[in-house]
Amino acid sequence: LKREDGSKRMEINYLKDSITQTICFDTDGVTRLSGDCVFEKPAAYPGGNEKWVIFLEKNLRYPEYAIDKNIEGRVFVKFLVDKEGNASDFEIISSPDKSLSIEVLRLMKKSGKWEPAIQYNQKVTYRHIQGIT
């Protein structure tokens, strides 16, 4: 795989349908160790699932309406994480109630920067779906 300027970015060796080795190259063409290569990694909250749970515990405000009506469940939100880790374009794709949807949108806007997705050792824009119970 090459960069826009034509220099090598990553070399992938296959055996049948499986990757056997990846070799990455710095911008000056120097080979890096295979372990430094990232073939594909989805966008993630900084610190992983453990930090995401801490963020939710600290910031989630269960809506009074949902408490009063005994509404609970899982809300799924779709959004983009750009190459810089900015999350945007939030869209609720399923929710048990509008009050929970509003709270999830508030949380997502407050979540800050995410770790961008990586494909072929390069940051890429990623469409992510996150479930929040």
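Leucine 60 is partly exposed, with a relative accessible area of 33%, a value that falls between the 20% under which a residue counts as buried and the 50% over which it counts as exposed. The structure in which leucine 60 sits is a predicted model, and its secondary structure comes to 3 helices and 8 strands. Read from the N terminus, these elements follow one another as β-β-β-α-α-β-β-α-β-β-β. The radius of gyration of the chain is 19 Å, well over the 14 Å that the globule rule gives for 133 residues, so the chain is more spread out than a compact globule.

**Overall dimensions and packing**

- Taken along the principal axes, the box filled by the C-alpha atoms of the chain is roughly 60 × 30 × 25 Å.
- Of the 133 residues in the chain, 32% count as buried, and the chain exposes about 8700 Å², of which carbon and sulfur atoms supply 50%.
- When contacts between residues at least 6 apart in sequence are considered, 58% of them join residues that are at least 24 apart.

**Leucine 60 and glutamate 103**

- Leucine 60 belongs to the loop between helix 1 (48-59) and helix 2 (64-68), and together with Tyr62 and Ile67 it makes a nonpolar surface patch of about 250 Å².
- Glutamate 103 is located in helix 3, which spans residues 98-110, and its relative accessibility of 8% places it in the buried class, because buried means under 20% relative accessible area.
- Once residues up to four places away in sequence are set aside, glutamate 103 touches Asn59, Leu60, Arg61 and Pro63, so that leucine 60 takes part both in a contact with glutamate 103 and in the nonpolar patch.

**The hairpin of strand 1 and strand 2**

- Strand 1 (residues 10-15) pairs with strand 2 (residues 18-24) in the antiparallel sense, and the pairing extends over 6 bridges.
- Leucine 15 has serine 18, in strand 2, as its bridge partner.
- There are 2 residues between the strands of this hairpin, and lysine 16 takes a positive phi near 60° there.

**The open sheet of strands 3, 6 and 7**

- An open sheet is formed by 3 strands in the order 3-6-7, with antiparallel pairing.
- Strand 3 (40-41) and strand 7 (122-124) stand at the edges of this sheet, and each has a single partner strand, so one side of each is left without a neighbour in the sheet.
- The antiparallel connection between strand 3 and strand 6 (residues 117-119) consists of 2 bridges, and lysine 41 stands opposite isoleucine 118, a residue of strand 6.

**Lysine 123 in the edge strand**

- Lysine 123 is found in strand 7, and at 48% relative accessibility it counts as partly exposed, since the exposed class requires a value over 50%.
- Leaving out neighbours within four places in sequence, the residues in contact with lysine 123 are Lys83, Pro116, Ala117 and Ile118.
- Lysine 123 and lysine 83 are separated by 40 residues in sequence, while the distance between them in space, from C-alpha to C-alpha, is 5.3 Å.
- Isoleucine 118 thus appears in two settings, as a contact of lysine 123 and as the residue opposite lysine 41.

Definitions and conventions. Residues numbered from 1 in each chain as written. Predicted model: local features only at pLDDT ≥ 70, side-chain atom pairs only at ≥ 80, totals over all residues. Heavy atoms only, no water. Helix = DSSP H or I, 4+ residues; strand = E, 2+ residues; numbered from the N terminus. Buried < 20%, exposed > 50% of the residue type's maximum accessible area, 1.4 Å probe, protein only. Contact = heavy atoms within 4.5 Å. Pairing = 2+ DSSP bridges. Patch = residues over 30% accessible without salt bridge, like charges linked within 9 Å, V, L, I, M, F, W, Y side chains within 5 Å. Areas by Shrake-Rupley, 256 points an atom, 1.4 Å probe, with all protein chains shown as cover. Salt bridge = Lys/Arg side-chain N within 4 Å of Asp/Glu carboxyl O. Rg over C-alpha atoms; globule rule 2.2 N^0.38 Å.
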